[in-house]
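Visitor: Can you walk me through this one? I'd like to start with how far to trust it.
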Amino acid sequence: MDNPALAPERQLDTTTVDEAIGYLRSEHADAVSLDDRDGYQGIIIGSGRLLEVARVIRDDLGFDYLSSATAVDYLGAGDHLEMVYHAYRTSGGGALVFKAQTDREKAEIPSLVSVWRGADFQEREAWDLMGIKFPGHHNLQRILMWEGFQGHPLRKDWREAYYEEEQKPFDSRWPGGHVHRAEEKNIFGKNVSYPPDIDLGRLMDTSESAVYQSLGLGVDVERIMDKDGFETNELVVNMGPHHPSTHGVFRMVLTVDGETVTSLEPVMGYLHRNHEKIGERNTYLHNIPFTDRLDYISSMGNNHGYVLAVEQLMSLGRKYNPPTYRSEALRVMMVELSRIVNHLWAIGFWLNDIGAFFTPVLYFVQERERILDFFEAVAGSRMMCNYMRFGGLFGDLPARIKSVSNLTNDRVRDYNTIQFLTEMINERIPRTIDDLERLLTQNEILIERSVGVGVLSRDDAINYSAAGPLLRGSGVAYDIRRAEPYSIYPELDFDIAVEEEGDMYARYRVRVAEMRESVRILKQILPRLEATAGESIWADGKPGAYAPRVPHGEAYGRVENGKGELGYYVVSAGGWGGSSNPWRYHVRAPSFINLTPMGIMSRGHKVADIVGILGSIDIVLGETDR
Amino acid sequence: MYGTGLAKGLMLTLRHFVESYVDDIRYGFRKYHHSTDNFGIRQGTQTKGVITVQYPDEKVAVPERFRFVPFLIVEDEDHPTRAGKDWCTSCGICAKVCPPQCIWIVRGNDPNTGRPVPEPEAFFIDIDICMNCGYCAEYCPFDAIKMDHDYELASYDRTTHHIHDKERLSKPNSYWRSIAPTRAYEEMLARGTWEHKDAAKEARRGAAASRASAPPPAAERPAAPQAQAAASEASASGETAAPAPAAEGATPWTEDEAKREERRRKALERKARRAAKRGS
């Protein structure tokens, strides 16, 4: 692998993305063509020369950060599969979108893992769900589905077990909606088909041996002589899927030499529900509450990323009103509050993982509860907020956070919303962060436990597409709110939290600093809310339609969520197939991609540290497995 | 010096320990007693003590916007003309916006003419599938479906209890006004009447017809107590809500059959076109 650190010296003078595309088209005219489909952007690279051009993109043009790599099935619209890559510069700016196309029957696209290691899991996902083979990939196995699963579920001609119709709304619901349970009509088993050459009596699970093989464990286990001449073997330890430290059903297969980890392979997919296939069946509006269920700690941020992507698409059409200023201010406020919630949660459970058992986390949860109370009063739900809409919001702030007694033993609360918010932002949250720092930042045990553990170097962090506090803890000042600003962030005054060391402690410090920056942002939002009081949250004064027409095109909406870069790649078929349902809906999940460097971060540490390293990455399995 | 960080942190836990008793000292043994109204303080922003709620001896009353499983609004039993009638017109928008598609509606038909009537014959919600997103209530053009506040729905058998039919779903309008007075008031402002949209339209038409012969009577009608409460709240904020006079014996669906038939024909055409498009 080339050393990406050398890249800047060779960089050409192509500051904008358009200039970069111009350079590629002039220098590699035979391989590169402009993607001139209606509403599409970027370039299409002939897959034969993809690897070569990708190196140019990284080294010569300086797009060192591969944010997203995903596949789209254009069945019925060219009948090809397409890999879509979004590469960015860590110095900021827009995306260089490049694509490679391949035949549906014999789908092969060269692997880019040798250029960006961050493509590793994403290519495995594309193989798993879309069936594209990546020659050159070191470990091309299914990642979300199990080995032995037949078919590739994101292909347009694949149908799920409880298949009813291609797209919602289903015709059976109205006007003749005689209710039935899906499992009664389609009991489990009817949809299972076996390939003809399989002998059910001799059915064997091959997935385990495949996992162990990827760790380099063949039949002959390597023999190690320790310093006293004892013959020792490497031991394989399975942590999870039911392990309290993994924050869900997540499994790590480690090989240990004594107590030192020599290699680690994350195994996931236990919570996989093919969110993206559901998303393609759904209408655009239907998807918003589904995004809540990805990273369920910060559902406001999930909503935001998705509505930004769809709003990008809608803005291509004629009938689109961007959200009002008040809407944007409310969105930013909600997202920043979720960021605080997310970081309190992340730090709390990371501390749990490394031994500060439950005292700190309960202190933080008290404040989180109050923020969730606020979400509940405004959006209607504590965690599954479903608050944002295309071009607006579900509703403005209520005048009072007020409850009405309904059930027996109900106790009533009644606060003025703005006063509640002001006291939270000016007093309680800063006080909690102060408490947190006093409790732990200088704690000697914590420092000894976390400094120098789980180090991710700056170059690796970029190359492995790490995002969020994981990236910024490694000294890369990359925050999408600054690198490619959205909403009203350009006018807000805040700093990017960065730490140089790249270890667990650095990530903890980044999270604490980010919470302080969030409070700073919230303090600037409050006067903006007062100034816009009475303004509608909808540009034309009335709520958006329930079935918005989304024009043909593609969009990649990304936000800086608590866990890192959350991106939504949405393709609208517009003219050629139902325009109120997305043709492709992909989630670039930070919890998923941040696990790519887990292996290199863990090498050489003790088993007990693995728990802490995983906690310091901060994953949520709802988002990892989708 | 090694250990100062530790000691500082331990001082903080000590502070938290002491603060957790502040409320107990202030309220004595009456802290969790019904008559001691310290709940808002205990849960609020000024408290320093513990915020624990002793469920189920005490429950947090949920805010108005809270959403948990939809219900259908029917007119109160004491409504002069439409007692027990559905607000739902079975237009099907809730079934269309439902993300997990948990709403099933059988549109009503007039037994004599066979034409659809704006009233659901059957209405089912599978609450196992419902994801409590609130879209049905948000996009219902008739304010006929609302999200409930009763979150205690545990049952012993999901196969028999978790599909709510129309009978189980129906709750009186006064219930909605009691659990969400502010929102009911806002909806009234948007509709322009406390009555159902169609009933109000019918009433206006009836009033216009009677105006030709005689001056209309003053709008006087016994309102439900909750409605009065909401209305008094409304008048407190400087606005008055005049309930629309209800028309005698008016059934909204007997009006303008030709127009309705025309709409139905057009809708069927649209649907056929859509199906053809999808097939091609």
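Guide: One definition before we begin. pLDDT is the predictor's confidence in each residue, on a scale from 0 to 100. You need it here, as this is a predicted model.

Visitor: OK. In chain B, where is confidence lowest and where is it highest?
Guide: The low point is helix α11 (residues 225-236) of chain B, with a mean of 44. The high point is strand β5 (residues 145-148) of chain B, at 92. Chain B has a mean pLDDT of 77, and 79% of its residues reach 70 or more.

Visitor: Which stretch of chain B stays under 50?
Guide: Residues 215-255 of chain B. The model still has 66 contacts beyond four places in sequence for that stretch. Where pLDDT is low, the predicted coordinates should not be read in detail.

Visitor: What are the ipTM and pTM scores?
Guide: ipTM is 0.80 and pTM is 0.83.

Visitor: On to the interface. How many residues does each chain put into the contact?
Guide: Chain A supplies 57 residues and chain B supplies 55. On chain A, the elements giving two or more residues include α8 (287-292), α11 (359-379), α12 (417-441) and α13 (444-450). Strands β15 (400-402), β16 (410-411) and β17 (414-416) of chain A are also among them.

Visitor: Which element of chain A gives the most?
Guide: α12(A), with nine residues.

Visitor: And the chemistry of that side, by class?
Guide: The side of chain A that touches chain B has 25 nonpolar, 16 polar and 16 charged residues.

Visitor: What does α12(A) cross in chain B?
Guide: Helix α1 (residues 4-19) of chain B. The two axes come within 7 Å and cross at roughly 135°. That angle makes α12(A) oblique to α1(B).

Visitor: Which residues meet there?
Guide: From α12(A), they are Asp435(A), Arg438(A), Leu439(A) and Leu440(A). From α1(B), they are Lys8(B), Gly9(B) and Leu12(B). By class, this contact has three nonpolar, one polar and three charged residues.

Visitor: Which strands pair across the chains?
Guide: β16(A) pairs with strand β1 (residues 59-60) of chain B. The sense is parallel, over two bridges. Arg411(A) has Val60(B) as its bridge partner in β1(B).

Visitor: Back to α12(A). Which helix of chain A does α12(A) cross at roughly 165°?
Guide: Helix α17 (residues 504-531) of chain A, with the axes coming within 10 Å. The crossing angle makes α12(A) roughly antiparallel to α17(A). α12(A) passes α17(A) in a left-handed crossing.

Visitor: What is that contact made of?
Guide: α12(A) contributes residues including Leu421(A), Ile425(A), Ile429(A), Ile433(A) and Glu437(A). α17(A) contributes residues including Val512(A), Met515(A), Arg516(A), Val519(A) and Lys523(A). The split is 11 nonpolar, one polar and three charged.

Visitor: What about α10(A) and α20(A), how do they pack?
Guide: Helix α10 (residues 325-354) of chain A and helix α20 (residues 607-617) of chain A pack at about 175°, with their axes 8 Å apart. They are therefore roughly antiparallel to each other. On α10(A), the contact uses Phe349(A), Trp350(A), Asp353(A) and Ile354(A). On α20(A), it uses Val611(A), Gly612(A), Gly615(A) and Ser616(A). That contact has four nonpolar, three polar and one charged residues.

Visitor: New topic: sheets. What order do the five strands of the open sheet in chain A take?
Guide: β1-β2-β5-β4-β3, with mixed pairing. β1 (32-34) and β3 (65-74) of chain A stand at the edges, each with a single partner strand, so one side of each has no neighbour in the sheet. The twist averages 25° from one strand to the next.

Visitor: How do β2(A) and β5(A) run?
Guide: Parallel, with two bridges joining β2 (residues 43-45) to β5 (residues 96-103) of chain A. Ile43(A) has Phe98(A) as its bridge partner in β5(A).

Visitor: Which helices lie across those strands?
Guide: Helix α2 (residues 17-27) of chain A lies across β1, β2 and β5 of chain A, at about 130° to β1(A). Helix α3 (residues 50-60) of chain A lies across β1, β2, β4 (80-88) and β5 of chain A, at about 175° to β5(A).

Visitor: Last one. What do β3(B) and β4(B) form?
Guide: A hairpin, with six residues between the strands. β3 (residues 103-109) and β4 (residues 116-126) of chain B run antiparallel, joined by seven bridges. Arg107(B) stands opposite Pro120(B) in β4(B). In the turn, Gly114(B) has a positive phi of about 80°.

Methods:
Residues numbered from 1 in each chain as written. Chains lettered and ligands numbered in written order. Predicted model: local features only at pLDDT ≥ 70, side-chain atom pairs only at ≥ 80, totals over all residues. Contact = placed C-beta atoms within 7 Å. Helix = DSSP H or I, 4+ residues; strand = E, 2+ residues; numbered from the N terminus. Nonpolar A, V, L, I, M, F, W, Y, C, P; charged D, E, K, R; others polar. Pairing = 2+ DSSP bridges. Axes fitted to C-alpha atoms, helices over the stretch in contact; angles between N-to-C directions. Parallel < 35°, antiparallel > 145°, perpendicular 65-115°, else oblique. Left-handed = near helix turned anticlockwise from the far one by under 90°.
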